[in-house]
Amino acid sequence: GIDPEVVSAFARKGLLYESADHHNAVFVGRDEQGEIRHLHARGTLTGSHFRQTLPGSEKEYSFHWPGTSGKLYAFEAPIDLLSYISLHPEGWQDHSYVALCGVSAAPIHRLLEAKPQLQEVVLCLDNDEHGRQATQKLREMFSAEDYEVSQQLPPQGKDWNEYLLQRNVLRERG
């Protein structure tokens, strides 16, 4: 359900590719010099639940898009990040996005340090108990560091990809 133009934009930057061996989507996290520091794979076959952060990956460099605005959007998973952008395409490349590949604050901290123009953190974590608890913890943490912090939940479903898929099914039905 993800917009092919969004996938292409990430692929052109070397942030997303398909592995030759298992045809997994591989989400690449790079440092400021362009060096690969984090790899997260996800199965692409229907019914596959395969997800793995590859050994040697540095969590603070997880899959992200560095924009120029003052906003950073944070997600639990790369697929939710791409789904959100597909749902909100207007000017998306101006903003920064990060997939936490879980709920660690480390990737957010690193981007806030690397990009001083970032003043607002938008937490777009899953709408389940684990995601809500993590959102509360992260909200308190970054508010205490004087960042503007808000939360954005999908209108329906557990996460942004589930919502995107539901929306696409409704559109197809007409």
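## A tour from helix α3

Select helix α3 (106-114) and display its buried residues, namely Pro107, Ile108, Arg110, Leu111 and Leu112. Here buried means under 20% relative accessible area, exposed means over 50%, and partly exposed lies in between (1.4 Å probe, protein chains only). Helices (H or I, at least four residues) and strands (E, at least two) are DSSP runs, numbered from the N terminus. The model is a predicted one, in which local features need pLDDT of at least 70 and side-chain atom pairs count only at pLDDT 80 or more, whereas totals for chains, interfaces and linings use all residues. Residues are numbered from 1 along each chain as its sequence is written, and side-chain values use heavy atoms, with hydrogens and water left out.

Next, add the elements against which the buried residues of α3 pack: β2 (25-30), β5 (64-65), β6 (71-75), β7 (96-99), β8 and α4 (129-144). Contact is defined as heavy atoms within 4.5 Å.

**Arginine 110 and glutamate 32**

Within α3, centre the view on arginine 110, which is buried at a relative accessible area of 9%. Its side chain meets that of glutamate 32 in a salt bridge, at 2.5 Å from N to O. This pair links distant parts of the chain, since glutamate 32 lies in the loop between β2 and β3 (36-42) and arginine 110 in helix α3, 78 residues apart. A salt bridge requires a side-chain nitrogen of Lys or Arg within 4 Å of a carboxyl oxygen of Asp or Glu; by this rule the count comes to six.

**Lysine 115**

Move to lysine 115, in the loop between α3 and β8 (120-123). Which side chain of opposite charge is nearest to lysine 115? It is glutamate 32, at 7.7 Å; lysine 115 is buried yet has no salt bridge. For charge, Lys and Arg count as positive and Asp and Glu as negative, while His and the chain ends are not counted. Now show the backbone oxygen of glycine 67, which the side chain of lysine 115 reaches at 3.0 Å. Apart from neighbours within four places in sequence, lysine 115 is in contact with Pro66, Gly67 and Ser96.

**Helix α4 and other charged pairs**

Select glutamate 129 and arginine 132, both in helix α4 and three residues apart, about one turn of the helix. An α-helix has 3.6 residues a turn, so residues three or four places apart point the same way. The closest N and O atoms of the salt bridge between glutamate 129 and arginine 132 are 3.5 Å apart. Glutamate 129 is partly exposed at 47% relative accessible area, and arginine 132 is also partly exposed, at 37%.

Proceed to lysine 158 and aspartate 159, whose salt bridge has its closest N and O atoms 3.3 Å apart. Lysine 158 is partly exposed, with a relative accessible area of 33%, whereas aspartate 159 counts as buried at 12%. Then select Asp31, Arg37 and Glu58, which are joined into one network by salt bridges that share partners.

**The whole chain**

Finally, zoom out and colour by secondary structure: the chain has five helices and nine strands. Its radius of gyration is 15 Å, close to the 16 Å that the globule rule gives for 174 residues, so the chain is as compact as a globular protein of that length. The radius is taken over C-alpha atoms, and the rule is 2.2 Å times the number of residues to the power 0.38. Buried residues make up 46% of the 174 residues.

Technical notes:
Polar contact = N/O pair within 3.5 Å; in protein donor to acceptor, adjacent residues only side chain to side chain.
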